[in-house]
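Please find below a colleague's note on the structure shown here. It is arranged as numbered points, each of which may be read against the coordinates.

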Amino acid sequence: IPAVSGPALARACEDSIRRLAGADDVEVIVVPARPGATLCQLRAEGVRRSSGASVAILGDRYEVTPRWLQAALHPAEFDAVGGCVSPSPRLGYFGWCVYLSEYAQLAPPLSDGATSDPRGLPGGNTVYRAAALDVDRLSVFATELSFHAALLADGASAGRLSALEVVLAAAPGVGAYLRERFE
């Protein structure tokens, strides 16, 4: 979880996972934001510190739903699996603008199965087979969409899974949104 929106949102995302984890052995890594680092660089830093056979990358503005953990712990046969993103009822006007522009194609219900569209793999809600994830390559991309396009072009298999659902609990500010998308 890259903590680009501050420690409170990263903690809420982490808490949403821990509430579901129970006796399951999960490793949650929160990577603090570093000035000048891209989201992909922060995500790569977290992946480097992980030890699992599969790695879930989450955005700090998300909270996982009850079905998410089970789906993340038992990923499908794909190298990368993306889930759906639901809007929080707490989103304000700008939050809805962000949701509709970024996540409308990932709104539930999402059809499960293979995808060749990199937009089917949201940067903040994708589970990767660790062996198929080139961390050094991830860190050179500015956005996940570019990374996912390259991953698919290299022959990785990708799918979508509706049970892998998160809620967009908070939207970035206008400045953060523009920096994340256009720097």
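The points below take up selected residues, packing, aromatic pairs and salt bridges in turn.

1. Status of the model. The structure is a predicted model, and the points that follow should be read accordingly.

2. Arg61. R61 is placed in the loop that runs between strand 3 (54-58) and strand 4 (62-64). Is this residue buried or exposed? With 11% relative accessibility, R61 falls under the 20% limit and therefore counts as buried. Its side chain makes a polar contact of 2.8 Å with the side chain of S5. Apart from neighbours within four places in sequence, R61 is in contact with V4, S5 and L9, with V167, L168, A169, A170, A171 and P172, and with A176 and E180.

3. Tyr62. Y62 belongs to strand 4 and is buried, its relative accessible area being 5%. Which side chain does the side chain of Y62 join through a polar contact? The partner is Y103, at 2.7 Å. Beyond four places in sequence, the contacts of Y62 include C13, V85, Y103, G124 and N125, as well as V166, V167, L168 and A169. Between the C-alpha atoms of Y62 and A72, which are 10 residues apart along the chain, the separation is 15 Å.

4. Helix 6. Within helix 6 (residues 144-153), the buried residues are E144, F147, H148, A150, L151 and L152. Against which elements do the buried residues of helix 6 pack? They pack against two helices, namely helix 2 (39-49) and helix 5 (135-138), and against strand 5 (80-87), strand 7 (125-129) and strand 8 (158-168). G155, just after helix 6, adopts a positive phi of about 100°.

5. Aromatic pairs. The number of aromatic pairs comes to 6. In one of them, the ring centres of W96 and Y99 are 5.7 Å apart and the ring planes lie at 75°, so the pair is edge-to-face. Both residues lie in helix 4 (residues 93-102), where W96 and Y99 are 3 residues apart, about one turn of the helix. Residues three or four places apart in an α-helix point the same way, because the helix has 3.6 residues a turn. W96 is partly exposed at 35% relative accessibility, whereas Y99 is buried at 4%. F141 and F147 form an edge-to-face pair, with 5.8 Å from centre to centre and 65° between the planes. F141 is buried, with a relative accessible area of 18%, and F147 is likewise buried, at 3%.

6. Aromatic cluster. Which residues form one aromatic cluster? The cluster consists of Y62, W96, Y99 and Y103. Y62 and Y103 are also the two residues whose side chains are joined by the polar contact of 2.7 Å.

7. Salt bridges within helices. The whole structure contains 9 salt bridges. One of these is formed by the side chains of E14 and R18, at 3.2 Å from N to O. E14 and R18 are 4 residues apart in helix 1 (residues 7-21) and are therefore separated by about one helical turn. R18 is partly exposed, with a relative accessible area of 40%. R49 forms a salt bridge with E45, and the closest N and O atoms are 4.0 Å apart. Being 4 residues apart in helix 2, R49 and E45 are likewise separated by about one helical turn. R49 is partly exposed at 44% relative accessible area, and E45 is partly exposed at 24%.

8. A salt bridge between distant parts of the chain. The side chains of R67 and E165 meet in a salt bridge of 3.7 Å, N to O. This pair links distant parts of the chain, 98 residues apart: R67 is in the loop between strand 4 and helix 3 (68-73), and E165 is in strand 8. R67 is partly exposed, with a relative accessible area of 45%, whereas E165 is buried, at 15%. Elsewhere, R34, E45 and R49 are joined into one network by salt bridges that share partners.

9. Surface patch. Which residues form a nonpolar patch on the surface? They are V174, L178 and F182, which together have about 330 Å² of accessible area. V174 is placed in helix 7 (residues 174-182) and counts as partly exposed at 48% relative accessibility.

Terms used:
Residues numbered from 1 in each chain as written. Predicted model: local features only at pLDDT ≥ 70, side-chain atom pairs only at ≥ 80, totals over all residues. Heavy atoms only, no water. Buried < 20%, exposed > 50% of the residue type's maximum accessible area, 1.4 Å probe, protein only. Polar contact = N/O pair within 3.5 Å; in protein donor to acceptor, adjacent residues only side chain to side chain. Contact = heavy atoms within 4.5 Å. Patch = residues over 30% accessible without salt bridge, like charges linked within 9 Å, V, L, I, M, F, W, Y side chains within 5 Å. Areas by Shrake-Rupley, 256 points an atom, 1.4 Å probe, with all protein chains shown as cover. Phe/Tyr/Trp six-rings, centres within 6.5 Å; stacked < 30°, edge-to-face > 60°.
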